Amino acid sequence: MLRHCLRTFVCLSSTRGFQVPVKKTHKFYVKLIGGGTVLCQLSLFGFGGSRKPDVESADTWMAKPITDLQYLKENSHDMKCRVEAMIMRIQAEFCHALEKEEEEEGGKKFLVDKWDREQGGGGITCVLQDGTVFEKAGVNISVVSGFLPPSAMQQMRARGKKLEGDKVKFFAAGVSSVIHPKNPHIPTVHFNYRYFEVEAENGEKQWWFGGGTDLTPNFLVEEDVVLFHKALKKACDGHDKQLYPKYKKWCDDYFFVTHRGERRGVGGIFFDDVDEPSANKCFDFVTSCADSVIPSYLPLVQKHKKDTYSYKEREWQLLRRGRYVEFNLIYDRGTKFGLYTPGARFESILMSLPLNARWEYMHKPMPGSKEARLVDVLKNPRDWI
C-alpha cells in the first residue's frame, strides 16, 4: 500500500512537496524531486517540525515567571521573552529531575524563593539543602534590568565592548546552577546560560549570549568524564563541529585557579560574547547546550549515589570544595558582576557555595594515590574524546 501511495504522489507532481499528517504527533513526509526521485521520512516525534515553544511548558515551572506570563506569550518574537521562557523551562526540568533522585532515597524537595529587585526585575532561587543525595543544590534564574554600574561597564569594556556614555541601560537573563552532592563519588556540576542586552546613551544596542557547563569530580573516573563531554559535544556538533573543541579549551582556560596552578575540574564547555551568525541561531545553540545538562549529569548521579565511601574520601571531598570556593570568590566573572550590581541578591549569587568545605595548611595528596591522579589531570587538562 505504501508503494502504491508513493506512485500516486509521483504522478501528481515531480517538483512539489507534500506533508501528510498521520497522527497529531506523527508525521509522514514525502518530498518529490524532479526526475521522479522520492525522498521519504517517517517521523514518530514530529521530527522536522517546529519545536514546541518554551512558554507552553509554563504549568511545569517552579513559580510564576518574573515577566507576566501573558506578556511572554504575546511577545514570543522578542528575544528577551524567548530567553526568559527557556530558562524557566530549564530550571523546572532540572529541579524535577534532581527531586526525583532525592525522592527515591526518601529525601527533600526544593525550597522555591521568588524575589523582586527594586531597580528592575527579579528572580527565582530554588535550593535543596542537606538532602539525602544532594548536600546543597541550587538552581537560580534571574531576569534583571536597569543601568550598568561603573564597575560592570569597566569589565565589559575590558572585553572589547564599546559602551558610549555613563548611563548604559541593560537587560540580563540567565539560569545558573551548582550541585554539591553528598556522596564524594558523585561529581559537582555547574552550568550557566545567559543573555545580555545593553543600550548606550546614543541609542545603540548590543546583545550577546554566554554560558557553559563544567564538571568537578573528587575522584577521576574516566568513563564518567567521557560520557559528560560526549553529551556536550553532541549539543555543539548539531550547530557547528568547530564549537566543541573551541569552547572546551575556553573552559579549561577560564576555570583556572591561578594561585593553585590547577583547573577547578575536568572541564566542559564555556563561551561568552556570542553574537553570530544571528540572534535566532545563537538562541538555538544555547538552548541545545542547556538541554544537554540532564543527559550529561543525571547518569553520573544515578551511577554513584549509592556508592560507599570512607571518612578519608569525605575529607578529600571537603578539601576540593575549598578549592571550588576559592575560584568562585576570587576569579568568577559572573559572581563579581552580580556582587557589584546595585540591588543584587547576595543569597542567590552565593548559592554556588557548598554547605561544607575544608582547608588544611600545606595539604598535598600522597604520590600515586587516586587523589594525586585527579590533581595531575587538573594541572594538565586532557582531550577526553
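1. Let's start with the sheet: seven strands form an open sheet in the order β4-β5-β6-β7-β8-β9-β12, with antiparallel pairing. At its edges sit β4 (111-116) and β12 (268-274), each of which pairs on one side only. Direction ignored, neighbouring strands of this sheet are turned by 5° against each other on average. Please keep in mind as you read that this is a predicted model.

2. On one side of the sheet order you will find β5 and β6 next to each other. Strand β5 (residues 121-129) runs antiparallel to strand β6 (residues 134-147), and nine bridges join them. If you would like a pair to look at, V127 has G138 in β6 as its bridge partner.

3. Moving along, strand β7 (residues 169-181) pairs with β8 in the antiparallel sense, over 11 bridges. These two strands form a hairpin, with six residues between them. Within the pairing, K169 stands opposite E199 in β8.

4. Strand β8 (residues 188-199) also pairs with strand β9 (residues 205-216), again in the antiparallel sense and over 12 bridges. Here Y193 has G211 in β9 as its bridge partner. The hairpin of β8 and β9 has five residues between the strands, and G203 takes a positive phi near 90° in it. How many of the 12 residues of β8 are buried? The count is 11, so the strand is mostly covered, taking under 20% relative accessible area as buried.

5. Y193 turns up again in the nonpolar packing. The largest nonpolar core has 69 residues, and F94 and Y193 touch the most other members. Which helix gives the most to this core? That is helix α3 (residues 79-104), with 13 residues. Another core, of 13 residues, lies apart from it and includes V144, L148, V168 and F170.

6. Helix α3 also holds a charged residue that deserves a look: R89 lies in this helix. Is R89 buried or exposed? At 6% relative accessibility, R89 counts as buried, because the cut-off is under 20%. Leaving aside residues up to four places away in sequence, R89 touches R51, D54, S57, W61, T287 and D291.

7. D291, one of those contacts of R89, also takes part in a helix pair. Helix α7 (residues 279-291) and helix α8 (residues 293-304) pack at an angle of about 10°, with their axes 5 Å apart. That angle makes α7 roughly parallel to α8, because angles under 35 degrees count as such. The contact is made by C289, A290 and D291 of α7 together with V293, I294 and P295 of α8.

8. Finally, a word on the cysteines. A search of the whole structure finds zero disulfides. C126 is in none, and the nearest cysteine sulfur, that of C95, is 4.2 Å away. Why does C289, from the α7 contact, not bond to C236? The sulfur of C289 is 4.6 Å from that of C236, its closest cysteine sulfur, and this is too far for a bond because a disulfide needs the two sulfur atoms within 2.5 Å. Both C126 and C289 are covered: C126 counts as buried at 0% relative accessibility, and C289 is buried with a relative accessible area of 0%.

Definitions and conventions: Residues are numbered from 1 along each chain as its sequence is written. This is a predicted model: local features need pLDDT of at least 70, side-chain atom pairs count only at pLDDT 80 or more; totals for chains, interfaces and linings use all residues. Side-chain values use heavy atoms; hydrogens and water are left out. A nonpolar core is a set of buried Ala, Val, Leu, Ile, Met, Phe, Trp, Tyr and Cys residues joined through side-chain atoms within 4.5 Å. Buried means under 20% relative accessible area, exposed over 50%, partly exposed in between (1.4 Å probe, protein chains only). Helices (H or I, at least four residues) and strands (E, at least two) are DSSP runs, numbered from the N terminus. Two strands pair if DSSP finds at least two bridges between them. Axes are lines fitted to C-alpha atoms, for helices over the stretch in contact, and angles run from 0 to 180 degrees between N-to-C directions. Contact means heavy atoms within 4.5 Å. Angles under 35 degrees count as roughly parallel, over 145 as roughly antiparallel, 65 to 115 as roughly perpendicular and the rest as oblique.
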